[in-house]
Amino acid sequence: MKKPLPAIVLVLALLAGSGPVLAQSSIVSQIAGDKAASDRLYFGLKFGVSCSQLKGLGYGDRLGAFDFGLAATIKLGRKLFLSPELTLFSRKGATEIPFVTTGDPALDPYFADPKKSAIVLDGQEIPVLVMYRLGRFELGAGPFVGFLSSASERFRAELGTGGELLHVRDVTEDYRKLNYGLVLEAAWIITAPRGGEGLVLHIRYQGGLADIIKDPAVAGSVRTSGLQIFLSFPFIR
């Protein structure tokens, strides 16, 4: 995945730079003064769970996963904030997908249970939200861009001896590298995020607008959709 790397590196540098380097940056200095974290600008970690589905696929159930990333919060006004993020690990997909033969008829019967199958799309995402604060609550929306790193179909089989079989098909080439869409979010400020201290609970809906499968004749128009619940907290003072 060579093409989107510069964009990811740029955002990563923005979000994860060290305190002294950020303080020397002219852009950060204009926003935050001589501190890397302030009321006007702070950087944070986010981690949580997601539940996604592939709308238009015609089969499959929701897939649960963990998300992890970095975020920045920039104060634009008394109640208005800009929040660019980099999700370092983002997983989407669906469970209960049709089985594809292993190539060995003796093994195929072990994978007959569709509840132990999934299609898994792993990658990175860059959401950019505009948040409006109402007391201890925030409402926001904005676009996101996603970059696919791998796609696989996974089939599990449990053996009577307590062991497990796993059949994995790499289907990365069947999917587009770029995804994009819109994000809607509601957040609850548990403790005020200031100067490297604070905790915020986020509930977010993410809807993809791009057709993620290269050949629409295979499955028609397929788009990502999902719900995310995660915590964020500042990590630079």
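This tour goes through the salt bridges of the model and then a nonpolar patch on its surface.

The model is predicted, so local features need pLDDT of at least 70 and side-chain atom pairs count only at pLDDT 80 or more, whereas totals for chains, interfaces and linings use all residues. Residues are numbered from 1 along each chain as its sequence is written, and side-chain values use heavy atoms, with hydrogens and water left out.

**Stop one: a buried pair and its network**

Select E85 and R204, whose side chains meet in a salt bridge with an N to O distance of 2.8 Å; the term stands for a side-chain nitrogen of Lys or Arg within 4 Å of a carboxyl oxygen of Asp or Glu. By this rule the count comes to 10 salt bridges. The pair links distant parts of the chain, since E85 sits in strand 3 (residues 80-95) and R204 in strand 8 (residues 197-208), 119 residues apart. Strands (E, at least two residues) and helices (H or I, at least four) are DSSP runs, numbered from the N terminus. E85 is buried at a relative accessible area of 3%, and R204 is buried at 1%, where buried means under 20%, exposed over 50% and partly exposed in between, with a 1.4 Å probe and protein chains only. Add K46 and E185 to the selection to display a network of salt bridges that links them with E85 and R204.

**Stop two: E138 and R133**

Move next to E138, which forms a salt bridge with R133, their closest N and O atoms being 2.6 Å apart. E138 is buried, with 8% relative accessible area, and R133 also counts as buried, at 19%.

**Stop three: a bridge between loops**

Now select K214 and E173, a salt bridge in which the closest N and O atoms are 3.7 Å apart. K214 lies in the loop between strand 8 and helix 4 (216-219), and E173 in the loop between strand 6 (164-170) and strand 7 (178-194), so the pair ties together parts that are 41 residues apart in sequence. K214 is partly exposed at 38% relative accessibility, while E173, at 56%, counts as exposed.

**Stop four: the nonpolar patch**

Finally, select L76, L80, V130, Y132, L134, F137, L139 and W188, which form a nonpolar patch on the surface with about 750 Å² of accessible area together. Patch residues have over 30% relative accessible area and no salt bridge, with like charges joined within 9 Å and nonpolar side chains (Val, Leu, Ile, Met, Phe, Trp, Tyr) within 5 Å; accessible areas come from the Shrake-Rupley method with a 1.4 Å probe, and for residues only the protein chains shown count as cover. Strand 4 (117-134) and strand 5 (137-158) each supply at least two residues of the patch, and the largest share, three residues, comes from strand 4. W188 lies in strand 7 and is partly exposed, at 37% relative accessible area.
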